[in-house]
Amino acid sequence: MANKESILIIEDEKNIGNYIETVIAAQGYKVLRAYNGVSGMTMINSYCPDLILLDLGLPDIDGMEILKQVREFSDVPMIVLSARTKEEEKVKALDEGADDYLTKPFGADELLARIRTALRHYARHTNMLPDPAYSRDGLVIDFEKRLVTLQGEPVHLTQIQYKLVSLLAKNAGKVLTYDSILKEIWGPYADMDNQILRVNMANIRRKLEVNPAEPHYIFTEIGVGYRMIESI
């Protein structure tokens, strides 16, 4: 189980940092540690890690500022780990370029799943090899044919509904904020009132989910956006 990827943990709380290091080192990842923002930026520039786990509440530099600075020169995957639970904090971090946002406390399995997803997205982006299709639990989306099937039966979606589903599927496992979806689907000058998005998502769920009130494929991150279950 020897993963070659290096992961930088920028976390000032030693107990949390030690826990994270133990979890990811057990999976074969190479671990780098920084206990404040200054040393974190130094290690990013010196070691060029494959992924960064970033705490927002650092003693010297706010993690959000580090996120902004890194995004000026790198698209390295960054997962924010924070005790800040306010929705606006999550939205801000994702809009500033974070690939994901985990609220403390979190479990080892969830952390590892988010890491794997972020690394896969980055690898696909780097190699410019988008998946030809999305497939999970009977739901298949063929991007080339623009065809959606559920348990082998075609699902009839409107053009907007298909764009929404394919956008979420191509970013499966990653949270997309309401604003980013609105801009991507309806354009940069779209009305940022997300009522039109909610209506379309409700209609999509009625077509895809056995029980729309308890979705299996597309999840709502309350106040933040939507996440689609990972493809397999």
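**A walk through two sheets and their helices**

Let's start with one pair of residues: Ile7 sits opposite Leu51 in β3. Before going on, a word on what you are looking at: this is a predicted model, where local features need pLDDT of at least 70 and side-chain atom pairs count only at pLDDT 80 or more, while totals for chains, interfaces and linings use all residues. Numbering starts from 1 along each chain as its sequence is written, and side-chain values use heavy atoms, with hydrogens and water left out. The names work like this: helices (H or I, at least four residues) and strands (E, at least two) are DSSP runs, numbered from the N terminus.

Back to that pair. Strand β1 (residues 6-10) and β3 run parallel and are joined by four bridges. Two strands count as paired if DSSP finds at least two bridges between them. Strands of a sheet pair through backbone hydrogen bonds, either parallel or antiparallel. Here β1 and β3 belong to an open sheet of five strands with parallel pairing, in the order β2-β1-β3-β4-β5. At its edges stand β2 (30-34) and β5, each with a single partner strand, so one side of each has no neighbour in the sheet. On average, neighbouring strands of this sheet are turned by 20° against each other, direction ignored.

Two helices lie on this sheet. Helix α3 (residues 63-71) lies across β3 and β4 (78-82), running at about 155° to β3. Helix α4 lies across β4 and β5 and runs at about 150° to β5. For these angles, axes are lines fitted to C-alpha atoms, for helices over the stretch in contact, and the angles run from 0 to 180 degrees between N-to-C directions. Contact itself means heavy atoms within 4.5 Å.

It's worth stopping at Leu94, which is found in α4 (residues 87-95). Is Leu94 buried or exposed? Its relative accessibility is 11%, so Leu94 counts as buried. The cut-offs are these: buried is under 20% relative accessible area, exposed is over 50%, and partly exposed is in between (1.4 Å probe, protein chains only). Setting aside neighbours within four places in sequence, Leu94 is in contact with Asp99, Asp100, Tyr101, Val175, Thr177 and Val224.

Some loops have backbone features to look out for. Cys48 is in the loop between α2 (37-47) and β3 (51-55), and it has a positive phi of about 45° although it is not a glycine. With 57% relative accessibility, Cys48 counts as exposed. Further on, the loop between β5 (100-103) and α5 (108-127) holds Pro105. The peptide bond leading from Lys104 to Pro105 is cis, with omega near -5°.

Now for the other sheet. This one is an open sheet of four strands with antiparallel pairing, in the order β6-β7-β8-β9. Its edge strands are β6 (133-136) and β9 (153-154), each pairing on one side only. β6 and strand β7 (residues 139-142) run antiparallel, joined by four bridges, and Ala133 has Asp142 in β7 as its bridge partner. Helix α6 packs on the sheet, touching β6, β7 and β8 (147-150), and its direction makes about 100° with that of β7. In the loop between β6 and β7 you'll find Asp137. Asp137 has a positive phi of about 50° although it is not a glycine, and at 34% relative accessibility it counts as partly exposed.

Helix α6 (residues 159-170) also packs against helix α7 (residues 178-186), at an angle of about 130° and with axes 10 Å apart. That makes α6 and α7 oblique to each other. The cut-offs: under 35 degrees is roughly parallel, over 145 roughly antiparallel, 65 to 115 roughly perpendicular, and the rest oblique. Which residues meet? Ile160, Lys163, Leu164, Leu167 and Leu168 in α6 meet Ile181, Glu184, Ile185 and Trp186 in α7. The residues of this contact divide into seven nonpolar, no polar and two charged. In this sorting, Ala, Val, Leu, Ile, Met, Phe, Trp, Tyr, Cys and Pro count as nonpolar, Asp, Glu, Lys and Arg as charged, and the others, Gly among them, as polar.

Helix α6 has another partner, helix α8 (residues 195-208): the two pack at about 80°, with axes 10 Å apart. α6 and α8 are therefore roughly perpendicular to each other.

One last stop is a hairpin. Strands β11 (residues 218-221) and β12 (residues 225-228) run antiparallel, joined by four bridges, and Ile218 has Met228 in β12 as its bridge partner. Three residues lie between the strands of this hairpin, where Gly223 takes a positive phi near 75°.
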